[in-house]
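Trainee: I am new to this model. Please take a close look at one part, the enclosed empty space, and then set it against the rest of the chain.

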Amino acid sequence: MTPAARVQAAIDCLDRILAGAPAEQELTGWARRSRFAGAKDRAAIRDHVFDALRCRRSFAALGGAETGRGLMLGALRSAGLSPDELFSGAPYAPEALSEAELAAGRAPAPGAEAGDVPDWVWPLLEAGFGAEAAEVAEALRSRSAVHLRVNTARTTLEEAQAALAEEGIATRPHPASLTALEITEGARRLRNSQCYLDGRVELQDAASQAIVDALPLRPGMKVLDYCAGGGGKTLAVAARGGLSVFAHDAAPQRLRDLPARAERAGAKVRILTTGELEAAGPFDIVLCDVPCSGSGAWRRSPDGKWRLTPETLAATQEIQRDILSKALDLVKPDGLVAYATCSILPNENDVQVQRVADGAPGWSVTYRNFWDPREGTDGFFSAHLQRR
């Protein structure tokens, strides 16, 4: 495909996404319908689409319209490129720009539009970051780095780096966690690399790893990952060794890949249904990586930024409080409950934890930390609650 044909394909995908189609579903569907497209074509179109979704409001302002065509025109203008060569009207290329399109477009307004967030989210960012809200929003407008967790039950960080380098994947340690590597070259080779296939490394954001690093894990402990999802943090806990590790999720289908992942990683994990929790407990530590807005990972999933509403955020906060309150009943008398979100919104973080702690006699918050997306990770928050 020519560069212009890739732009037109991105325009078509964006129009369907703007009409309501989930981004991943649309890109997968396009690839299946377009067998002529090679791997580089699919990657380029995906990059176009995700860049446009990350910067949807500012690109729409620059391009003069919140359409696929307007977003791609805005993307070119944002990059300081002339659109004439790509919007040429040649076969498979976008139609040539009209006089109205050439005249349209303006600089995005400061605040929510320039920061590429919904208007109602902007006050929440200002509440959490004050004058630095624009910097945080800016950090979420760019592509995210690819981080790996080295499975220390199988290898060392240095050995993993060397093995990956032999397969053309360059990495460097990430300061957020002692087990974290950041891929600097060859990220697209990872899925087929032997180091990944045999469980020596896993895809996991460095801040997500740091949440596990902060847990006071000791040999002999019983640890429950209460909202395990795909099991990334479960496996990070299990890699420490000497622990009895349990995983649970209210939606059991999310755990379907965990047994295979655990076997590949050489980890022992027992999956619990909701009905089995009480009998399997009490636990020394219960980790609650709760459902959240996902705002800390909007670089990776920019579609979620535009699907989030005040109503869904409020409903999610109710779920968070319910999970955290139930988790308090699952730990031993001297146990610890760790709360975590992939969110940059204070309503889901400090506000939630303090509200639950204030309503739970004998419990206090003993640890808080926020991993800022400006420091090269996703935006994560974690806090520990422990009986006084």
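Mentor: Helices and strands here are DSSP runs numbered from the N terminus, a helix being H or I over at least four residues and a strand E over at least two. The model is predicted, so local features need pLDDT of at least 70 and side-chain atom pairs pLDDT 80 or more, while totals for chains, interfaces and linings use all residues. Residues are numbered from 1 along each chain as its sequence is written, and side-chain values use heavy atoms, without hydrogens and water.

A cavity is a set of points on a 1 Å grid, over the protein atoms alone, where a 1.4 Å probe fits but cannot get out. A search of the whole structure finds one cavity of 30 Å³ or more. The largest cavity has a volume of about 50 Å³, taken as the space filled by probe spheres set on points joined across faces, edges and corners. Its lining (residues with an atom within 4 Å of a point) consists of Arg-149, Val-150, Thr-152, Thr-179, Gln-209, Val-212, Asp-213, Ala-236, Ala-239 and Arg-240. Strand 1 (147-150) and helix 12 (206-213) are the elements that give two or more residues to this lining. Helix 12 provides the largest share, three residues. By class, the lining has four nonpolar, three polar and three charged residues; Ala, Val, Leu, Ile, Met, Phe, Trp, Tyr, Cys and Pro count as nonpolar, Asp, Glu, Lys and Arg as charged, and the others, Gly among them, as polar.

Now the rest of the chain. It has 18 helices and 11 strands. Its radius of gyration, taken over C-alpha atoms, is 23 Å, close to the 21 Å that the globule rule (2.2 Å times the number of residues to the power 0.38) gives for 388 residues, so the chain is as compact as a globular protein of that length. Along the principal axes, the C-alpha atoms fill a box of roughly 70 × 50 × 35 Å.

Two backbone details remain. Most residues other than glycine have a negative phi, and most peptide bonds are trans. The bond from Gly-281 to Pro-282 is cis, with omega near -5 degrees, and Pro-282 lies in the loop between helix 15 (277-280) and strand 8 (283-289). Tyr-92, not a glycine, has a positive phi of about 70 degrees; Tyr-92 lies in the loop between helix 5 and helix 6 (99-103).

Key
On a 1 Å grid over the protein atoms alone, a cavity is a set of points where a 1.4 Å probe fits but cannot get out, and a pocket is an open set with protein on both sides within 12 Å along at least five of seven lines; lining residues have an atom within 4 Å of a point.
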